[in-house]
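Me: I'd like a close look at one part of this model, the place where protein and DNA meet. Could you walk me through it in one go, and then tie it back to how the chains are arranged?

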There are 2 protein chains.
Amino acid sequence: MALKLPCYCASLRQATRAISQEYDRAMRPLNLTGTQFTLLRMLNELPSARVNDLAEALAMDQTTVSRTLALIKDAKLIERQAGEDRREARWVLTAAGRKKLREGSPLWESAQRRVESLIGADQAERLKDAAFRLTQKLAR
Amino acid sequence: MALKLPCYCASLRQATRAISQEYDRAMRPLNLTGTQFTLLRMLNELPSARVNDLAEALAMDQTTVSRTLALIKDAKLIERQAGEDRREARWVLTAAGRKKLREGSPLWESAQRRVESLIGADQAERLKDAAFRLTQKLAR
DNA sequence: GCATTTTACATGTATCTACATATATTGTCA
DNA sequence: TGACAATATATGTAGATACATGTAAAATGC
C-alpha cells in the first residue's frame with residue numbers, strides 16, 4: 001500500500017504518477033499519451049498558439065512543449081503555420097488532429113468520470129482547484 | 001499566466017511540474033533532485049527496504065525506483081545489502097547518505113514552509129491529503 | 001525430483017521533464 | 001546604421017517515468 005508522505009512535492013508526484021497512468025491507459029487505443037491529448041485540446045481552444053503560449057498556459061517548460069509538439073506533428077495531427085514574425089511558429093490542428101480529438105473525447109470523459117467515481121466529484125473539483133492555486137503561486 | 005484546465009490529470013501535472021522545480025532547486029546545492037532526496041528519506045524511515053517496498057510506498061514503478069537507486073548508489077549515498085533471498089537487494093544509507101540527509105533537511109523544510117506561505121498551511125495540508133486519497137484509490 | 005510458475009530485480013526503449021545553451025530573427029539605441 | 005539586447009524556438013544532455021521484456025532465483029505442483 002502507498003504510504004502517506006509528509007512532503008507536499010512527493011505527495012503530488014505520487015498522485016500525478018498514478019493519475020497519469022490512468023489517463024495514458026485511457027488514451028492508449030488512440031496511440032496518444034495524456035500529455036499529447038492535452039496539447040491537442042489546447043490547440044483546439046487556442047488556435048494558432050505559439051510554443052510559448054502553450055508553455056505558459058500549461059506551466060510547462062518551453063523546451064518540453066517544443067519536443068511534444070514535434071511528436072504530434074510527426075503524427076500529422078498538427079501543422080506549423082508561419083506567423084508574421086519569422087521566428088515564431090503558429091500551430092494548428094490538421095483534419096486528422098481534429099478527428100483524434102473527437103475520437104479521444106469520450107475516452108478522456110470516461111477517465112474524468114472514473115476519477116469522480118473514486119473520490120467524489122466535489123473532492124475531485126476541490127483537488128483540481130487547489131492544484132491550480134498552487135500552480136498560480138509557483139509558476140513564474 | 002497559467003490556464004485553469006478542466007482535466008484532473010493535466011491540472012495535477014501542471015502543479016506537480018511547478019512544485020517539483022521548486023524542490024529540485026532547493027536541493028540543487030546538494031547535487032540531489034527532489035526525487036532522490038525522497039528516496040533517501042524513505043530509506044531512513046524504512047531501513048533495508050527492497051526495491052519493491054519503495055515502489056509500493058511511493059506508488060512508483062519498480063523500474064523507476066531501480067534506476068533512481070542506481071543513481072544514488074553511484075553517488076555512494078546508499079549501498080546494497082544481501083537479503084536472505086539471493087534475488088533481493090536490501091538498501092541502506094551509507095554514512096555519506098546520512099550526511100546528505102542531514103544537510104538536505106533544512107533545505108527541504110524551507111521548501112515546505114515556502115509552499116505553506118504561498119497557499120496557507122491548512123490549504124497545503126488539504127491538498128496533500130486529497131492527493132494521497134487519490135493515490136490510494138488509483139494505486140493498483 | 002523436475003518442470004512450471006512466481007517473485008525480485010534489471011534492461012531496452014520511448015516519452016516527459018527541465019536546465020544550459022545554440023540559432024535565428026527582431027527590437028533598441030547611440 | 002550598426003552593435004547589442006531581447007525574443008522565439010530548437011538542441012544537447014540528463015533524470016523521471018512506465019511498459020515490455022529479460023534474467024536469475026525461489027516456490028509450487030505433479
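Reply: Around DNA strand D there are 29 residues, and the closest ones are Arg13(A), Ser66(A), Arg67(A), Arg87(A) and Thr33(B). Bear in mind that this is a predicted model, and that every value here is computed from it.

What part of strand D does the protein touch? Take the atoms of DNA strand D within 4 Å of the protein: 62% of them belong to sugar or phosphate, and the rest to bases. On the phosphate side, Gln21(A) has a polar side-chain atom 2.7 Å from a phosphate oxygen of strand D. Asn52(A) uses its backbone instead, with a polar atom there 3.2 Å from a phosphate oxygen of DNA strand D. For a base contact, look at Arg67(B), where a polar side-chain atom sits 3.3 Å from a base nitrogen of strand D.

As for which elements are involved, the ones supplying at least two residues each to the surface near DNA strand D are H1 (8–27), H3 (51–58) and H4 (62–74) from chain A, along with H2 (34–45) and H4 (62–74) from chain B. H4(B) gives the most, with 5 residues. By class, the surface near strand D splits into 14 charged, 11 polar and 4 nonpolar residues.

Now the other strand. DNA strand C is surrounded by 29 residues, the closest being Thr33(A), Gln21(B), Ser66(B), Arg67(B) and Arg87(B). Here 63% of the strand C atoms within 4 Å of the protein belong to sugar or phosphate, with the rest in bases. Three arginines of chain B are worth zooming in on. Arg17(B) puts a side-chain N or O atom 2.7 Å from a phosphate oxygen of strand C, and Arg50(B) has a polar side-chain atom 3.2 Å from a phosphate oxygen of that strand. Arg67(B) goes for a base: a side-chain N or O atom of this residue is 2.3 Å from a base oxygen of strand C. The elements giving two or more residues to this surface are H2 and H4 of chain A, together with H1 (8–27), H3 (51–58) and H4 of chain B. H4(A) contributes the most, with 5 residues, and the class count near strand C is 14 charged, 11 polar and 4 nonpolar.

So how do the chains sit relative to each other? Chain B superposes on chain A by a rotation of 180° with 0.0 Å of shift along the axis, at an RMSD of 0.0 Å. The two copies are therefore related as by a two-fold rotation axis. In chain B, the C-alpha nearest that axis belongs to Leu127(B), 3.2 Å away from it. The copies also meet through the same surface, because 96% of the interface residues of chain B are interface residues in chain A too.

One last stop, inside chain A. H2(A), residues 34–45, packs against H5(A), residues 95–119, at an angle of about 115° and with the axes 10 Å apart. The crossing of H2(A) past H5(A) is left-handed. From H2(A), the residues in contact are Phe37(A), Leu40(A), Arg41(A) and Asn44(A), and they meet Gly97(A), Lys100(A), Leu101(A), Gly104(A), Ser105(A) and Trp108(A) of H5(A). That contact comprises 4 nonpolar, 4 polar and 2 charged residues.

Note on methods
Residues are numbered from 1 along each chain as its sequence is written. Chains are lettered from A and ligands numbered from 1 in the order in which they are written. This is a predicted model: local features need pLDDT of at least 70, side-chain atom pairs count only at pLDDT 80 or more; totals for chains, interfaces and linings use all residues. Side-chain values use heavy atoms; hydrogens and water are left out. A residue is near a molecule or strand if one of its heavy atoms lies within 4 Å of it. A polar contact is a pair of N or O atoms within 3.5 Å; within protein, one must be able to donate a hydrogen and the other to accept it, and residues adjacent in sequence count only if both atoms are side-chain atoms. Helices (H or I, at least four residues) and strands (E, at least two) are DSSP runs, numbered from the N terminus. Ala, Val, Leu, Ile, Met, Phe, Trp, Tyr, Cys and Pro count as nonpolar, Asp, Glu, Lys and Arg as charged, and the others, Gly among them, as polar. Copies are superposed by least squares on the C-alpha atoms of residues with pLDDT of at least 70 in both. Contact means heavy atoms within 4.5 Å. Axes are lines fitted to C-alpha atoms, for helices over the stretch in contact, and angles run from 0 to 180 degrees between N-to-C directions. A crossing is left-handed if the near helix is turned anticlockwise from the far one by less than a right angle, and right-handed if clockwise.
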